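Trainee: Could we go through this model together, one question at a time? I would like each answer to show its reasoning.

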Amino acid sequence: MDELKELVTFIATSLVDDPDKVDVQTVDEDRAVVVELSVAPNDLGKVIGKDGRTARAIRTLLSAASARLNKRAVLEILD
């Protein structure tokens with residue numbers, strides 16, 4: 001699950017103005033891995049994007065990467 005955490009961390013730190021505030025945690029559940037992303041309040045809009053397009057793109061990349069690991073991954077963006 002470290003690969004998924006590193007992927008989301010890389011993408012998020014590339015998008016935000018304050019990369020030091022990016023925090024990514026993974027939680028193993030029964031059938032899926034939950035990847036929790038939290039960023040600075042000012043950068044939340046950059047991670048979500050217009051109409052949620054950026055968040056949707058991150059979720060697409062995350063699901064493609066998790067499919068290679070035979071797992072299911074869910075991205076949660078925390079306030």
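**Helices, sheet and core**

Mentor: Helix H3 (residues 53–68) lies across E2 and E3, running at about 150° to E3; helices (H or I, at least four residues) and strands (E, at least two) are DSSP runs, numbered from the N terminus, while axes are lines fitted to C-alpha atoms, for helices over the stretch in contact, and angles run from 0 to 180 degrees between N-to-C directions. The model is predicted, so that local features need pLDDT of at least 70 and side-chain atom pairs count only at pLDDT 80 or more, whereas totals for chains, interfaces and linings use all residues. Residues are numbered from 1 along each chain as its sequence is written, and side-chain values use heavy atoms, with hydrogens and water left out.

Trainee: In what order do the three strands form the open sheet?

Mentor: Two strands pair if DSSP finds at least two bridges between them, and in this sheet the pairing is mixed. Strand E1 (23–28) and strand E3 (73–78) are the edge strands, each pairing on one side only. Neighbouring strands are turned by 20° against each other on average, direction ignored, and the order is E1-E2-E3.

Trainee: How many bridges join E1 to strand E2?

Mentor: E1 and E2 form a hairpin with four residues between them, and strand E2 covers residues 33–38. Within this pair, glutamine 25 stands opposite glutamate 36, and threonine 26 stands opposite valine 35. The two strands run antiparallel, and the number of bridges joining them is six.

Trainee: Which strands does helix H1 touch, where contact means heavy atoms within 4.5 Å?

Mentor: Helix H1 spans residues 2–15 and packs on the sheet. The direction of H1 makes about 155° with that of E1, and the strands that H1 touches are E1, E2 and E3.

Trainee: How are H1 and H3 oriented, roughly parallel or roughly antiparallel?

Mentor: H1 and H3 pack at an angle of about 155°, with their axes 10 Å apart. Angles under 35 degrees count as roughly parallel, over 145 as roughly antiparallel, 65 to 115 as roughly perpendicular and the rest as oblique, and therefore H1 is roughly antiparallel to H3.

Trainee: Which residues of H3 are met by Leu4, Leu7, Val8, Ile11 and Leu15 in H1?

Mentor: Among the H3 residues at this interface is serine 66, which also touches Lys71, Arg72 and Ala73, not counting residues up to four places away in sequence. The H3 residues met by those five are Thr54, Ile58, Leu61, Leu62, Ala65 and Ser66.

Trainee: Is leucine 62 buried or exposed?

Mentor: Leucine 62 lies in helix H3 and, leaving aside its neighbours within four places in sequence, is in contact with Leu4, Leu7, Val8, Val35, Ala73, Val74 and Leu75. Buried means under 20% relative accessible area, exposed over 50%, and partly exposed in between (1.4 Å probe, protein chains only). At 1% relative accessibility, leucine 62 therefore counts as buried.

Trainee: Which residues touch the most other members of the largest nonpolar core?

Mentor: A nonpolar core is a set of buried Ala, Val, Leu, Ile, Met, Phe, Trp, Tyr and Cys residues joined through side-chain atoms within 4.5 Å, and the largest one here has 19 residues. H1, E2, helix H2 (44–48), H3 and E3 each give two or more residues to this core, and H1 gives the most, with four. The contacts of leucine 37 include Val8, Ala12, Val47 and Leu75, and the residues touching the most other members are Leu37 and Leu75.

Notes. Contact = heavy atoms within 4.5 Å.
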